[in-house]
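Got your viewer open? Here is a short walk through the model, stop by stop, with what to select at each one.

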Amino acid sequence: MLTLDERSVRQLKGVSALKEGELHAFGIHTISDLLNYFPFRYEDYCVRELAEVKSGEKATIMGIVRGAPIMQRYGRAKSRLTCKIESGGMLITAVWFNRTYMQEQLRPGREIMLTGKWEQHRLQITVADSEFPDSAKASKTDSLQPVYHVGGNITQAWIRKMIAAALTQYGPMIEEVLPYELMERYGFMSRSEAVEVIHHPGDASRGQEARRRMVYEELFLFQLRLQAYRGLHRGRGDGVAQPIGSETIREFAATLPFALTDAQKKVINEILTDMRRNYAMNRLLQGDVGSGKTVVAAIALYGAVRVGHQGALMVPTEILAEQHAKSLARLYEGTGIQVGLLTGSLTERKRRDLLAGLQMGLIDVVVGTHALIQDDVFFRSLSLVVTDEQHRFGVNQRSVLRRKGINPDVLTMTATPIPRTLAITAFGDMDVSTIKEMPKGRKPIKTYWVKHDAFDRVLGFIRKEAAAGRQAYVICPLIEESEKLDVQNAIDTYMQIQQSCPDLTIGLLHGRLSTAEKDETMSRFAANDSQVLVATTVVEVGVDVPNATLIIIMDAERFGLSQLHQLRGRVGRGEHQSHCILIADPKSETGRERMKVMTETNDGFEVARRDLELRGPGDFFGTKQSGLPEFRIADMVADYETLEQAREDAGELTERDDFWSNESYARLWEILRREGLFQGEQLD
Ligand SMILES: Nc1ncnc2c1ncn2[C@@H]1O[C@H](COP(=O)(O)OP(=O)(O)OP(=O)(O)O)[C@@H](O)[C@H]1O
């Protein structure tokens, strides 16, 4: 017997050759395509009181026919029918276009349900749909009606009818695709039931249940493809197996100035497990700002060196490269590990020495900016590449660095969880490790939002913190169009603070300074030789000065939420109570909303989620054409948790020994085969 995938829509009564052609334009070829053509929303036929309906709104109301219908005809096919209806104590006019058959049904005194657009000033409703509750054909017991994308000769009513017919005739033939154990685990309704309910939800709660199942299915199948592909890639085993001993790592961890959190230990284990295997790791390390990702990277790099290889850490700015190189050198003290620094501003001689050191293997770990990916940089044996904040690097840059090793392991660190995860779903087959817990003893940062006129009080706050031995950042925004203005802006702020706090030492950091000047300023701040650092956003990513407890962000409305969160993460990195003050006079409601979000939550995940809500995912990537996959029913933002779950489930399943042999997964093989993946082989 033919499956629904093999049956053409022509098999349905009512689909002519012409209509079939038009359905193709919607991607509908088979019965299965038609049944999977889900509504993009529902029309709510829940009956309302006319008094509550706003002018211009579409609604469903009840009424009684009061008067005889009047018909006007235009040409052969067009007509306009009007009739007086009483509804909610008002006498209104209902208008039907091209529905001559209504005329005889509109008998005075008869109850009628009307759905249409209400025009208050004319006391008129333009009817899209009507029904008589006393009629045997009454079908609107369902208050929710599906609405499909239609066009051309395909009308809403026609496609509803075709789908209803397909459901009646073929509904029971809809096969389950999800494995039994997942159906059980989540208590899902069967596929055939869910498809039926998606088209005819009846009440909202059943509709929700059906949606839950279909969303999961869609995301699961999507992930299954990625995970199966990953399995294929792993099967090649062309990475470097790094037999890093647990004992080696434990001994090193014991030399750290703090105990690792459980969350850090967990992700370190995940990373080491990957590194030991003979396929190239491609893992994302996510964790909120200040959760201790850098030390995790340091441990992984340590492991690579201990088994005879080299590691590279690529960061977006020179300041960060400098800082990471220093802190790695400190962490590796006494281990004999040599750390090198490669940035664009090295002198020619230093650069030559460093390159030679890398090539000969005298340098074990190199930290650098994009200078790392230049043609003349060679490694003796690069086995681990860590990149910080990958969104700053293009995919190309990363793959160049990757090619410098024999398929090295790649670890990418990021602090903005949701958008990254969205990107993973779009671009690939990365594994994800998440640090879910902050180091002990951290106090949540207190965030305030004040208007510009409160700046004097803010200055008082700076003096207070400095008197207590703490330090403060003052961040001035970067106005892209004019670096000159930015610098001026930063200088003005610097002068103002200098004037009102004459006994404090204040540093100034902006894009016009030379690298040496920037380093100098940063080092002085890190050593607590200056108490205040006025800076443009150069401190945004990763700068770590635990004694800084106050950050003031000028014109905060100019920053994105995730950026504000990153900036705020510069404080709260030690045991002292920290504060973040946002100075902003936002003009728009969204602007005010964004400031509120910052004061309400300290959780980067939540900030990213709210940011997405306020902006939408396409926009998050700077463009609507972000290359994110389009789902039929799932919404990557709203269904984010399901996505994560589906990812985990698909990963688990494809790793099972019996996945490719157990017949109960046959439907899944079929789907993968269609995608060109089968039994771990790519079929061309
Ligand atoms: N387990 C721990 N216990 C106490 N302090 C820790 C722990 N892990 C890291 N730290 C310290 O916390 C601070 C933040 O760590 P780190 O710089 O690694 O965070 P991060 O996640 O990289 O932050 P960011 O995203 O801001 O770069 C550092 O001063 C680090 O030394």
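Start by selecting Met113 and Glu131: Met113 stands opposite Glu131, which belongs to strand β7. Before going further, a word on what you're looking at: this is a predicted model, where local features need pLDDT of at least 70 and side-chain atom pairs count only at pLDDT 80 or more, while totals for chains, interfaces and linings use all residues. Residues are numbered from 1 along each chain as its sequence is written, and side-chain values use heavy atoms, with hydrogens and water left out.

**Stop one: strand β7 and its partners**

Select residues 124-131, which make up β7. Helices (H or I, at least four residues) and strands (E, at least two) are DSSP runs, numbered from the N terminus. Of the eight residues in β7, six are buried, so color the strand and see how it is mostly covered. Buried means under 20% relative accessible area, exposed over 50%, and partly exposed in between, with a 1.4 Å probe and protein chains only.

Now add residues 111-119, strand β6: seven bridges join β6 to β7, and the two run antiparallel. Two strands count as paired if DSSP finds at least two bridges between them. Then add strand β5, residues 90-97, which pairs with β7 in the parallel sense over three bridges. To see one of the partners, pick Val95 and look across to Thr126 in β7.

**Stop two: the turn between β6 and β7**

Which residue of this hairpin takes a positive phi? Select Leu123: the hairpin has four residues between its strands, and Leu123 has a phi near 50°. Most residues other than glycine have a negative phi. Leu123 sits in the loop between β6 and β7 and is partly exposed, at a relative accessible area of 32%.

For another positive phi in a residue other than glycine, jump to Asp555, where the value is near 45°. Asp555 lies in the loop between β20 (548-553) and α17 (561-568). At 16% relative accessibility, Asp555 counts as buried.

**Stop three: two helix residues**

Pick Phe220 in helix α6 (residues 204-236). Is Phe220 buried or exposed? Phe220 is buried, with a relative accessible area of 0%. Add Gln645 to the selection: Phe220 and Gln645 are 425 residues apart in sequence, yet 8.4 Å apart in space, C-alpha to C-alpha.

Next, pick Asn269 in helix α8 (residues 262-276). Asn269 is partly exposed, at 47% relative accessible area.

**Last stop: the ligand**

Select the ligand and everything near it, meaning residues with a heavy atom within 4 Å. You should get 21 residues, and the closest are Gln264, Lys293, Thr294, Arg442 and Asp544. The shell divides into eight nonpolar, seven polar and six charged residues. (Ala, Val, Leu, Ile, Met, Phe, Trp, Tyr, Cys and Pro count as nonpolar, Asp, Glu, Lys and Arg as charged, and the others, Gly among them, as polar.) Helix α9 (residues 293-306) gives the most to the shell, with three residues.

Where does the ligand lie? Domain 3 (246-435) and domain 4 (446-601) both give residues to the shell, so the ligand lies between them. Those domain bounds come from an automatic or database domain assignment.

Zoom in on the individual atoms. A side-chain N or O atom of Gln264 is 2.8 Å from a nitrogen atom of the ligand. A polar side-chain atom of Lys293 lies 2.8 Å from a ligand oxygen atom, and a backbone N or O atom of Gly292 is 3.0 Å from an oxygen atom of the ligand.

Terms used:
A polar contact is a pair of N or O atoms within 3.5 Å; within protein, one must be able to donate a hydrogen and the other to accept it, and residues adjacent in sequence count only if both atoms are side-chain atoms.
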